[in-house]
Amino acid sequence: TEAVALTAELGATQRSKEDVRRRLEGARRERIALGEYLSTSYRERDRLEKELAISSSQLEESILREDAAKKLQEDLERKVSEARAGIDREISTEKNLGARLAAVKARRKMLEDMERTFEGYGRGPRSILEARQKGVLKGIEGAVGEVFSCDAKYIPALSAAVGGAAENIIVSDEAAAKAGIALLKEQRSGRVTFLPLSIIRPRNLNPGTEAVMRRSTGVRPLISVVSYPSDMEPAAKYLIGRIVLADTLDLGLRFMRESGWSTRVVTLTGDSIEPGGAISGGEAPRSEALFRRKQELSGVRESDRTLGAELESVLSRRKGLENELRSLAQQTADARAN
């Protein structure tokens with residue numbers, strides 16, 4: 001009986017061990033399965049994380065591309081707007097300059113026509129100048145009003161100084177003067193005073209007058225403010241070499257008293273004081289119009305050149321902006337296509 005009990009107990013123990021082995025084997029298999037599952041899960045997680053990273057990067061790149069495209073579009077639109085505004089400004093400037101240039105050209109043509117036809121000169125001087133223009137007379141250098149010039153502020157003084165002598169004709173020599181006189185007589189076309197450079201004698205201020213002028217204020221030689229070709233100097237000194245320019249009539253009178261009334265004085269406003277004491281003034285002499293026309297013509301020609309250059313610059317800038325606008329339009333089209 002005890003042996004049977006021991007045998008039974010041994011069998012139960014054996015079964016218990018087998019059960020434990022089975023359970024351990026099951027646990028081992030479950031652990032292996034779990035390990036394989038976890039390994040697969042980790043790989044899947046890594047794959048998913050990589051895909052997420054790629055997707056995130058692609059999304060970020062897409063967002064950046066969209067932002068860049070938007071910024072590019074905004075920049076292009078801004079540049080297009082600026083180019084159009086610039087073109088509008090240049091067109092406005094171009095119209096303004098064009099109108100001013102047209103007016104200047106019209107004025108220039110009128111003044112040049114007056115110069116070419118010797119408008120303002122008497123019948124005699126005009127006949128001589130026209131004969132020179134046609135090549136009929138030789139040695140005609142020009143009228144005093146053509147040859148002499150000065151700044152606008154000195155024109156009243158120069159006009160008062162030369163008076164009617166503005167229409168005197170400067171010639172190379174006495175032969176040219178004789179030929180001119182013969183033509184006037186032949187055509188019965190008035191009288192002219194000729195100034196032959198070969199024989200006229202320059203007139204200069206005497207040393208005493210110059211000494212008084214150097215220590216006086218507001219006076220100077222008139223010839224110092226007058227322009228003329230160097231070979232016309234004999235005529236210039238003959239006509240105005242002895243004339244003093246004073247800033248005002250009072251300064252002129254003071255100079256005359258201090259210099260002993262030794263020479264003629266003209267003022268900036270066109271008054272004149274003679275050595276004998278006579279004072280003249282008032283309305284500008286006819287000769288002033290000749291000098292002013294010449295001075296204005298010089299200014300108009302300069303304005304013509306300046307405005308023409310400005311207009312060319314504006315046209316160039318407008319064309320540049322138009323080319324830029326066409327380029328921006330193409331860039332905008334390309335950006336939209338992409």
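A polar contact is a pair of N or O atoms within 3.5 Å, and within protein one of the two must be able to donate a hydrogen and the other to accept it. In this predicted model, the side chain of Ser 216 makes such a contact with the side chain of Glu 258, at 3.4 Å. The points below take up the surroundings of Ser 216 and then a sheet of three strands.

**Ser 216 and its surroundings**

- Ser 216 sits in the loop that runs between helix H6 (207-214) and strand E5 (219-221).
- With a relative accessible area of 16%, Ser 216 counts as buried, because the cut-off for that class is under 20%.
- A polar atom of the Ser 216 side chain lies 2.6 Å from the backbone oxygen of Val 212.
- When neighbours within four places in sequence are left aside, Ser 216 is in contact with Phe 255 and Glu 258, and with Glu 258 the polar contact joins side chain to side chain.

**The sheet**

- The sheet is open, its three strands follow the order E1-E3-E4, and the pairing is mixed.
- Strand E1 (140-143) and strand E4 (194-196) stand at the edges with a single partner strand each, so one side of each has no neighbour in the sheet.
- From one strand to the next, the twist averages 25°.
- Strand E3 (residues 169-171) pairs with E4 in the parallel sense over three bridges, and Ile 170 has Leu 195 in E4 as its bridge partner.

**The helix on the sheet**

- Helix H2 (residues 123-134) packs on the sheet and touches E1, E3 and E4, while its direction makes about 140° with that of E1.

Notes: Residues numbered from 1 in each chain as written. Predicted model: local features only at pLDDT ≥ 70, side-chain atom pairs only at ≥ 80, totals over all residues. Heavy atoms only, no water. Pairing = 2+ DSSP bridges. Helix = DSSP H or I, 4+ residues; strand = E, 2+ residues; numbered from the N terminus. Axes fitted to C-alpha atoms, helices over the stretch in contact; angles between N-to-C directions. Contact = heavy atoms within 4.5 Å. Buried < 20%, exposed > 50% of the residue type's maximum accessible area, 1.4 Å probe, protein only.
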